[in-house]
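Q: I would like to look carefully at one part of this model, starting from what a database record says and then moving to the surroundings of the bound ligand. Please take it slowly, since I am new to reading structures.

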Amino acid sequence: MHEPLASAPLVFRDDGTPYSPRHDDIYHSAAGALAQAHHVFLNGNGLPERWRGKARFSVLETGFGMGINFLATWAAWRDDVQRAASIEFVSIEKHPFSADDLRRAHATIIDDETIVPLADALASAWPPLVPGVHRLEFDAGAVTLKVAFGDATDLLPRLSRSGMRADAIYLDGFAPAKNPDMWTPAIFASLADIASEDATFATYTSAGDVKRALLQNGFEYRKVTGFGGKRAMLVGRRGRS
Ligand SMILES: C[S@@+](CC[C@H](N)C(=O)[O-])C[C@H]1O[C@@H](n2cnc3c(N)ncnc32)[C@H](O)[C@@H]1O
C-alpha cells in the first residue's frame with residue numbers, strides 16, 4: 001500500500017520567493033526562478049547543445065516543485081531549431097502542489113510571455129495527487145512529462161528497474177543541510193544506475209557530502225560559478241569506466 005501524499009502549501013516569503021515551511025528552504029533563488037533554471041540546470045548540463053541531432057533526449061529531475069525547470073527546458077527545446085525529435089522529462093515529487101496552487105505560483109513567478117501558455121498547459125494537464133507515475137504529453141507527444149509522486153528513495157529504484165536512462169540529471173531537492181533525504185548514498189546509487197553512459201548532471205549545491213557521494217558513485221564533477229551571487233555549484237558527468 002502507498003502512503004497517502006501530503007501536498008505542499010503555497011507560501012511566499014516577503015520578497016516574493018516561494019518557500020517551503022516543511023523544509024525551511026526556498027524553491028528557487030530570489031534572483032529569479034527561470035534565470036536559475038537556465039544557469040544551473042540547462043547550461044549546467046550543456047543544453048540545448050547536447051540534445052541536438054538526437055532522436056530522443058531524457059532528463060531526470062529530483063524535485064518537481066512548481067515545474068519551473070521543466071517549463072524552462074520545454075521552452076528551450078521549442079526554441080531550438082536543432083532540437084532532439086522528442087524529449088522525455090521525468091521528475092519526482094513527494095509533496096506536490098494542487099493544480100490551483102501551481103497556477104497561482106506560475107502567475108507570480110513566470111515573467112516570460114512565451115512560457116505562460118506552457119505553464120497553462122501544464123496546470124490544465126496536472127494529474128490528481130495520487131502516488132505513482134503520471135504520464136503527460138505535450139506538443140503532439142514530442143514532449144513527455146512523467147511526474148512521479150512519492151519519495152525519491154522509493155521511486156528512483158523503480159524508475160531504474162523500469163529501464164529509464166537519463167541523459168541529463170537535475171539535482172534540485174532543496175539544500176542538503178535542509179533536506180538530507182534527497183542527498184543520501186542510496187539516492188546517488190540509484191542515479192548512477194539511471195545515468196546513461198554520456199549522462200551529465202548539475203546542481204546548485206557544492207556541499208562536501210554531495211561531492212563525496214558523486215565520486216563514490218562514479219560521477220566526475222567540477223565546481224563552476226553559481227547563480228544569483230552563489231560562489232559555486234557543481235556540474236559533471238558519469239565517469240568513464
Ligand atoms: C527546490 S524544490 C524543486 C524546484 C523545482 N525543480 C522547480 O523547478 O520548481 C525541491 C522539491 O523537492 C521535493 N522533495 C523534497 N524531499 C523529497 C523526497 N524525499 N522525495 C521527492 N521529492 C522531494 C520538495 O517537495 C520540493 O518540491
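Which residues does the UniProt annotation "domain: MnmC-like methyltransferase" cover?

A: The annotation comes from an unreviewed UniProt entry and covers residues 118-237, and such annotations, given here in the numbering of this model with shortened feature names, may be inferred rather than shown by experiment. The model is predicted, with local features needing pLDDT of at least 70 and side-chain atom pairs pLDDT 80 or more, while totals for chains, interfaces and linings use all residues. Residues are numbered from 1 along each chain as its sequence is written, and side-chain values use heavy atoms, without hydrogens or water.

Within the annotated span, 31% is helix and 33% is strand, and the C-alpha atoms at the two ends of residues 118-237 lie 29 Å apart; helices (H or I, at least four residues) and strands (E, at least two) are DSSP runs numbered from the N terminus. D139 sits in the loop between β6 (132-138) and β7 (143-149), and although D139 is not a glycine, its phi is positive, near 45°.

Turning to the ligand, 23 residues surround it, and H28, G63, N69, E93 and D172 are the closest, where being near means having a heavy atom within 4 Å. By class, this shell holds eight nonpolar, 10 polar and five charged residues, with Asp, Glu, Lys and Arg counted as charged and Gly among the polar ones. Both α2 (68-79) and β5 (86-93) contribute at least two residues each to the shell.

The backbone takes part as well, through polar contacts (pairs of N or O atoms within 3.5 Å). A ligand oxygen lies 3.1 Å from a backbone N or O atom of I68, while the corresponding distance is 3.3 Å for G67 and 3.5 Å for G65. Of the 600 Å² that the ligand exposes when taken alone, the protein buries 99%, by the Shrake-Rupley method with a 1.4 Å probe.

One last backbone detail concerns P48, which lies in the loop between α1 (33-42) and β4 (56-62). The peptide bond joining L47 and P48 is cis, with an omega of about 15°.

Note on methods: Polar contact = N/O pair within 3.5 Å; in protein donor to acceptor, adjacent residues only side chain to side chain.
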